[in-house]
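Dear colleague,

Please find below the structure that I am handing over to you. My notes on what was found in it follow directly after it.

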Amino acid sequence: MPVLSPLLALTISTVEQANAFAPEFAISTRSVRSTSDILEIDLTITAELAAALASSERVAGVEIQIDKGDGQLARLLQTEIAGTAELKDSREGYGARTLSFTLQVPPSQSPFFVAWSRGPHRVRMIGYLGLPGAMQPRPMFDGYVTQCSWEADPSLLRVDCQDISVLLSSEKLAFNLEPGSLRTRKSVFREILTPYLAVYGLEFGRLDFGSNDGGLLFKGLSEGGTVDLLQWLAAFLTPIARRLTWEGGACNVEPSYASGPPVRTFRANDVSGLSVSLPSTTDANAVVMSGTVFGFIGPSGQRTETDPPKITRALFTPEVAIRRQDHTTGDIEDLTLTIEPEVREVSRVVTTRVYEAGTVVMTTIEEWGWYSARACPRQQNDEAAVSFNSAFDVYFYADGSCRCEPQQQYQVLRQSISVKEFNGPYGPLSEAVTVTQFNANVVPIGYIDDDSAEIPNPVFLTAEGIGWAKGFEFFERSTDDSQYFWVSGIGEGTLQDGRRGRSNNGFGSTRRLTYYSEDSEGRLGSRTTALYSWGLFYYTIELPVPSAFVFGPSSTRVYAIAGGGFSEFIIAPTVVTTFSAIDETSHKETTSLVAISLPVDLDAARMPATPVVGEQIVPGGIPVLEVPTNGQTAQAASATVIDAVRSALLGKVVPDDQQNDFCETVDELGTSALELLREKAPAIQFDSLIDWTIRAGAPLTLLLPEAIPVGEVMTAWEVEWSLDVRSGENKQHILARWLPKELR
Amino acid sequence: MPLGSKTNEPGLVDQFRIDDMTFDMPQAGGYVPEAPLQQTRFPSMAGGGTITLPYRGEGMPDRSDLFSAAIPYDLDDTNGLMADQVELLRATIGPHFFTDWKQRICVHSLRAGQAFAYLPREDGFAKWAGASAASMVVGGTPVATVLYKPAVTESDAVPAGEVWIAETAIRHPFSGLYVVPFKLGTAPLAPAKLVTRYFPVFRVDVDGVAATFPGVATETKVIYLSEIN
């Protein structure tokens with residue numbers, strides 16, 4: 001192992017330490033296979049760049065390395081480079097970045113005579129920016145020579161290069177995917193590119209396909225080696241507003257336009273030559289996107305459609321804990337966790353519908369959000385002694401709540417599956433709603449035995465003194481059933497009797513039944529009862545009842561009636577309530593009861609089956625998803641996107657008809673149309689000094705109210721850098737587009 | 001042996017040196033050297049301007065310039081040797097080495113711990129033993145001992161309080177310019193300015209010699225020099 005003499009020594013073993021050191025750093029590791037390997041940590045330090053940008057006098061330069069034919073990259077001296085190095089980054093096409101520079105060469109270096117200038121040799125470029133004694137290098141280009149041209153007088157060799165995408169630029173695509181694969185767009189993308197990347201020693205970088213990994217593919221793909229791979233991939237990504245980039249020697253997939261906080265804010269003193277151009281009035285102001293959309297017939301034999309996720313993004317800071325209770329000692333220590341606010345996905349709702357003859361028979365709604373499961377900070381043993389939670393650490397948040405994790409996580413908060421049955425042509429017969437969400441599974445902290453003695457239950461306790469079975473909320477399933485009965489003579493759709501039940505697969509189980517009935521005056525009323533079972537103990541819970549067995553303070557009251565053994569009777573609530581303090585923040589209440597037998601139909605046949613816990617090994621091969629592809633029906637579909645402002649000015653709509661064959665839904669057609677209209681958005685062009693930071697696709701702001709609305713960001717569409725190696729004269733020309741709201 | 005004029009001693013002494021030849025000081029006001037700073041100005045739409053200096057690589061001075069000069073001589077029968085030297089200089093291939101024995105300053109912004117850097121030009125004291133040795137001040141503290149060595153590398157062990165300056169120029173590994181490496185025996189603990197005062201020798205070429213003949217037995221010749229690498 002080589003002796004390393006690091007400029008910067010870090011000891012980071014936890015995420016907290018990494019965040020405390022530098023929350024904006026991206027740290028990557030590669031292939032650490034043994035203790036003799038070296039852990040490679042790439043740190044991008046931007047402080048020196050920021051200092052240079054803030055200064056009115058700065059130092060800029062470039063370093064170009066070329067493979068002179070021996071496979072090694074050698075640095076070119078500045079005296080070997082003539083004039084200006086030019087770099088261009090564009091979000092057009094497949095996102096290639098190009099570099100051009102001129103070699104100062106002696107005569108007789110014509111490509112006719114020099115093999116080097118005819119070969120695809122590797123080239124790298126590093127940009128430098130900073131202040132004297134504090135320079136910051138930034139890799140800006142990694143690619144290959146594509147073309148050389150020689151000027152005899154003076155003797156100069158111009159070298160044109162393209163980034164690593166050039167390796168794939170001549171590849172053709174041959175790929176087949178059966179219809180109804182139900183594979184995600186990301187999965188297919190990876191399968192297509194993996195063999196090519198392996199051949200050229202490339203790798204995948206950031207693959208941001210958005211929610212659901214770019215959506216599911218219902219259509220088949222059939223390419224026979226006649227289409228350009230990269231052009232095809234660009235079109236394949238268009239329906240989800242994504243594009244290819246090739247930074248860092250890797251293939252990346254990124255959103256096609258920028259959102260979020262700007263990478264840089266330009267002020268009047270940072271720019272020159274500003275111009276704003278609107279799209280031509282003779283240009284189309286509407287895009288009509290057409291394609292075919294398949295109604296997919298799923299494994300159930302029923303048409304299944306998933307709506308585009310409804311996603312809300314906003315400037316958001318996940319909540320973090322301020323204290324932690326150690327589960328081994330009970331000690332509570334202060335925490336200093338911070339998360340920077342940034343534009344994040346704060347909610348997502350995904351709705352999937354299954355149709356039967358055009359009628360929705362099943363609806364699945366999945367809701368995402370930021371959350372950390374609540375937890376119990378205390379526990380009670382079977383002698384009613386209360387101590388700290390010794391099972392796991394508990395985190396205290398600023399709002400006083402106790403949670404399982406040191407910070408909120410973005411996760412599924414609720415999933416509901418509604419299945420409806422219909423009574424032929426007449427109306428609904430039943431609806432079963434299965435809801436999976438965070439539940440606490442409240443249990444009594446004690447019960448009264450047959451001798452009217454109070455028996456404590458060993459349970460976890462919330463800060464308020466409520467007993468929870470596992471000590472934390474867990475994502476559990478519960479089911480509410482509604483059944484509708486048809487009674488002749490009353491009229492269609494009249495609810496005569498209803499039944500609601502609840503069960504869970506947690507540590508205990510609860511059945512809750514709601515009965516609808518008429519009172520003596522014919523008014524519809526309801527009553528809800530529930531049976532809770534936990535180990536050997538069973539409790540019948542009635543919600544709500546006038547008085548009962550009370551757990552916790554009134555604000556979180558749970559009523560229950562104890563029954564010894566499994567009883568099908570509700571035991572009338574009564575009676576003596578006693579209070580005793582647990583500690584300064586919680587207390588417990590117990591009640592002794594007098595049993596009065598009231599027959600209740602608990603419908604034992606509807607009790608849930610014993611939950612299966614753990615992994616179940618199923619003999620036989622992996623099941624194959626059987627898809628009735630012939631059941632799919634292709635439908636010509638189109639989506640029209642109109643620039644309303646321009647249409648109003650023109651007084652008419654001028655359509656531009658386009659087609660994208662990779663759209664799976666009408667919404668994806670709409671996205672494809674929007675992508676074309678974004679190309680027509682107002683263009684803002686200006687020059688500034690090189691900062692090696694803005695790249696195509698980056699969000700940026702221009703503090704010139706006349707240029708774009710205040711507070712809005714625009715997307716760098718094209719960036720051209722030029723730097724005279726000798727004089728340092730440099731410029732970055734930026735073409736940015738500001739997207740009106742309807743195009744975002 | 002001409003005496004150099006230091007930066008706090010206005011004016012020039014009476015002789016220049018080009019290669020191994022000594023030239024008299026031109027007539028008063030005739031010698032106009034130029035060394036424009038290498039930098040560019042970016043005029044912004046707000047009316048301000050931002051200066052960019054070209055990056056010359058690690059260890060180079062904060063600012064760079066490019067020397068050029070026109071040296072006029074009125075020649076007659078009293079300085080025939082000068083006339084011959086001017087003609088010889090014109091006919092000889094370069095690069096030539098020129099010094100006017102005027103002390104100049106260059107400034108380096110050193111990082112904490114940085115001891116190795118480069119002077120942008122050869123030191124006249126080291127090359128021709130003229131004038132006086134260079135002086136260096138790091139963060140306001142003079143370097144006690146300045147020594148000249150045939151060659152200086154980054155791995156040299158320089159005693160504390162000394163600085164070693166190379167007697168010969170090398171090509172800078174980044175810029176390719178001819179530079180003179182030096183190393184401090186005591187690196188600054190924090191970023192610091194290094195101010196060097198020395199007598200630079202310019203690597204020049206003769207762009208031309210203009211001659212006019214105003215009368216019998218007299219002529220005027222102007223040597224045009226520009227710095228090269």
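The bend at a residue is the angle between two axes, one fitted to the seven residues that end there and the other to the seven that start there. Please keep in mind throughout that this is a predicted model.

**Helix H3 of chain A**

The definition above applies to helix H3 of chain A, where a kink of about 35 degrees lies at A:Leu193. The proline A:Pro195 follows shortly after that position. H3(A) covers residues 185-200, 16 residues in total. From its first C-alpha to its last the helix reaches 23 Å, close to the 22 Å expected at 1.5 Å a residue.

Which residues of H3(A) are buried? They are A:Arg185, A:Val188, A:Phe189, A:Ile192, A:Leu193, A:Tyr196 and A:Leu197. A:Leu193 is thus both the site of the kink and one of the buried residues. Just after the helix, A:Gly201 takes a positive phi of about 70 degrees.

**Strand S1 of chain A and its partners**

Strands of a sheet pair through backbone hydrogen bonds, either parallel or antiparallel. Strand S1 of chain A, residues 57-67, is mostly covered, with 10 of its 11 residues buried. Its pairings are as follows.

- With strand S5 of chain A (residues 122-131), S1(A) pairs in the antiparallel sense over eight bridges. Here A:Gly61 has A:Tyr128 as its bridge partner.
- With strand S2 of chain A (residues 73-75), S1(A) runs antiparallel and is joined by three bridges. A:Gln65 has its bridge partner in A:Arg75.
- With strand S4 of chain B (residues 49-54), S1(A) runs parallel, and four bridges join the two. In this pairing B:Thr52 is the bridge partner of A:Arg58.

S1(A) and S2(A) also form a hairpin with five residues between them. In the turn, A:Gly69 has a positive phi of about 125 degrees.

**Two open sheets of four strands**

In chain A, four strands form an open sheet in the order S21-S20-S26-S27, with antiparallel pairing. Its edge strands are S21 (332-334) and S27 (402-403), each of which pairs on one side only. Strand S20(A), residues 321-325, pairs with S21(A) in the antiparallel sense over three bridges. In that pair, A:Arg324 stands opposite A:Glu333.

In chain B, an open sheet of four strands has the order S7-S16-S10-S11, and the pairing is again antiparallel. S7 and S11 (141-142) of chain B each have a single partner strand, so one side of each is left without a neighbour in the sheet. Strand S10(B), residues 135-138, and strand S16(B), residues 192-198, pair in the antiparallel sense over four bridges. Within this pair, B:Met136 has B:Thr196 as its bridge partner.

**The second largest pocket**

The second largest pocket holds about 890 Å³ of space. Its lining comprises 42 residues, and the closest to the pocket centre are B:Gln38, B:Ser64, B:Asp65, B:Arg121 and B:Glu227. Strands S7 (104-110), S15 (178-184) and S17 (200-215) of chain B are the elements that give two or more residues to this lining. S7(B) therefore appears both at an edge of the chain B sheet and in the pocket lining. By class, the lining residues are 22 nonpolar, seven polar and 13 charged.

**Cavities**

How many cavities of 30 Å³ or more were counted? There are two.

The largest cavity has about 40 Å³ of space. A:Leu217, A:Lys219, A:Gly220, A:Leu221, A:Asp661, A:Phe662 and A:Glu664 form its lining. These divide into three nonpolar, one polar and three charged residues.

The second largest cavity has a volume of about 30 Å³. Its lining consists of A:Val62, A:Ala85, A:Glu86, A:Leu87, A:Met125, A:Ile690, A:Trp692, A:Trp721, A:Ser722 and A:Leu723. Two elements, strand S3 (81-90) and strand S50 (714-724) of chain A, give two or more residues to this lining. The lining has eight nonpolar residues, one polar and one charged.

With kind regards

Notes. Residues numbered from 1 in each chain as written. Chains lettered and ligands numbered in written order. Predicted model: local features only at pLDDT ≥ 70, side-chain atom pairs only at ≥ 80, totals over all residues. Heavy atoms only, no water. 1 Å grid on protein atoms, 1.4 Å probe; cavity = no way out; pocket = protein on both sides within 12 Å on 5 of 7 lines; lining within 4 Å. Points joined across faces, edges and corners; volume = space filled by probe spheres on them. Nonpolar A, V, L, I, M, F, W, Y, C, P; charged D, E, K, R; others polar. Expected span 1.5 Å × (residues − 1). Buried < 20%, exposed > 50% of the residue type's maximum accessible area, 1.4 Å probe, protein only. Pairing = 2+ DSSP bridges.
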